[in-house]
Amino acid sequence: MNAQENLTVAVAGGTGTLGRAVAEELRGRGHRVRVLSRRSAEYPVDLTTGEGLAEALAGCDVVVDASNSTSPKGAKATLVDGERMLLAAEEKAGVGHHVGISIVGCEKVPIGYYRTKVAQEGVVESGPVDWTTVRATQFHELVAGVLAPLARSGLHPLPKARLQPVASVEVAHAVADVAERPALRGRVEVAGPEIVDLRDLALQWRAAHRSRVLPVPVVLPGTVGRALRAGALTTDRADVRGTTTFGQWLMAGR
Ligand SMILES: NC(=O)c1ccc[n+]([C@@H]2O[C@H](COP(=O)([O-])OP(=O)(O)OC[C@H]3O[C@@H](n4cnc5c(N)ncnc54)[C@H](OP(=O)(O)O)[C@@H]3O)[C@@H](O)[C@H]2O)c1
């Protein structure tokens with residue numbers, strides 16, 4: 001299927017890690033991009049109230065929803081109830097394609113945030129607008145963003161967890177490809193180049209930052225621990241595979 005040219009694309013959460021990269025990628029390809037978020041100067045919207053959505057979506061062809069909230073209350077309000085409100089506003093505005101963002105394997109790890117992501121996928125996939133869901137593995141930014149503050153305490157408590165981190169810019173490239181094509185009414189999986197244990201990722205982070213943080217192996221009990229040890233958040237059948245390893249990303253000084 002040919003990619004569409006000169007689209008008007010709204011990126012909800014366009015000031016976040018993924019959203020910023022998606023907006024930049026789409027602009028670079030010549031599309032008109034609107035950045036939607038609570039603090040966007042251009043299109044301030046609040047997904048928890050629906051404020052600003054009608055104005056922001058008027059005349060848009062495609063919406064990429066890269067918004068996020070990880071607090072227990074905020075996640076449901078933004079990702080599930082907010083998603084319903086966003087889709088209703090898209091239907092009114094005549095948007096032709098909604099690109100949802102989710103997480104590889106989220107249905108296999110029963111923690112609150114992942115349950116919310118599964119619920120969000122359901123809202124999109126049974127919603128009123130033609131859709132494609134892009135599922136990604138953990139971003140390098142997230143892994144580094146968890147390890148850095150922990151290191152300040154001098155300890156890295158590390159459960160055994162097989163992960164497949166990916167550079168957010170590579171996910172953004174795949175999301176832009178999806179946004180340019182007609183809705184699939186299906187999912188596209190994007191994953192990093194290698195499956196690595198969190199303990200090895202932490203050692204790479206430690207070396208790159210010349211840190212003396214002490215790695216402390218911990219055991220995560222129960223279903224969540226078992227799922228992470230078994231690599232529930234990884235895939236060997238990604239539709240798109242990033243090429244930048246966590247080590248290379250660290251070496252580039254991110
Ligand atoms: N991080 C990862 O490793 C990872 C991996 C796989 C998939 N994902 C998925 O990728 C998506 C983006 O994640 P991210 O880590 O890039 O997010 P992020 O950096 O936390 O950015 C979140 C964005 O959402 C906006 N936002 C939050 N609440 C809002 C509200 N009520 N109304 C409007 N905008 C709101 C924020 O802007 P304001 O604060 O200005 O509103 C910001 O632009 C999510 O669906 C996430 O599940 C993330």
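**Figure 1. A look at the largest cavity, which has a volume of about 40 Å³.** Everything shown here comes from a predicted model. Searching the whole structure turns up 1 cavity of 30 Å³ or more. Its lining is made of Gly 100, Ile 101, Ser 102, Lys 117, Gln 120, Glu 121, Val 124 and Thr 133. Sorted by character, the lining of this largest cavity has 2 nonpolar, 4 polar and 2 charged residues. Strand 5 (97-103) and helix 4 (112-125) each give at least two residues to that lining. Helix 4 brings the largest share, with 4 residues.

**Figure 2. The open sheet has 8 strands, paired in parallel.** Reading across the sheet, the strands come in the order 3-2-1-4-5-6-9-12. Strand 3 (43-44) and strand 12 (240-241) are the edge strands, so you'll find each of them paired on one side only. As for what holds such neighbours together, strands of a sheet pair through backbone hydrogen bonds.

**Figure 3. Zooming in on strand 9 and strand 12, which run parallel.** Strand 9 covers residues 187-191, and 2 bridges join it to strand 12. Look for Ala 191: it stands opposite Arg 241 in strand 12.

**Figure 4. Arg 185 has a positive phi, near 50°.** Most residues other than glycine have a negative phi. Arg 185 is not a glycine, yet its phi is positive. You'll find Arg 185 in the loop that runs between helix 6 (168-180) and strand 9. Its relative accessible area is 47%, so Arg 185 counts as partly exposed.

**Figure 5. Arg 210 is another non-glycine residue with a positive phi, this one near 45°.** The loop between helix 7 (198-208) and strand 11 (214-218) is where Arg 210 sits. Arg 210 has a relative accessibility of 78%, and because the cut-off for exposed is over 50%, Arg 210 counts as exposed.

**Figure 6. Stepping back to the whole protein, with its 9 helices and 12 strands.** The C-alpha atoms fill a box of roughly 55 × 35 × 35 Å along the principal axes. A compact globule of 254 residues would have a radius of gyration near 18 Å, and the protein's own value of 18 Å agrees with that. Of the 254 residues, 50% are buried. Among contacts with a separation of 6 or more, 78% are between residues 24 or more positions apart.

Conventions. Residues numbered from 1 in each chain as written. Predicted model: local features only at pLDDT ≥ 70, side-chain atom pairs only at ≥ 80, totals over all residues. Heavy atoms only, no water. Pairing = 2+ DSSP bridges. 1 Å grid on protein atoms, 1.4 Å probe; cavity = no way out; pocket = protein on both sides within 12 Å on 5 of 7 lines; lining within 4 Å. Points joined across faces, edges and corners; volume = space filled by probe spheres on them. Nonpolar A, V, L, I, M, F, W, Y, C, P; charged D, E, K, R; others polar. Rg over C-alpha atoms; globule rule 2.2 N^0.38 Å. Buried < 20%, exposed > 50% of the residue type's maximum accessible area, 1.4 Å probe, protein only. Contact = heavy atoms within 4.5 Å.
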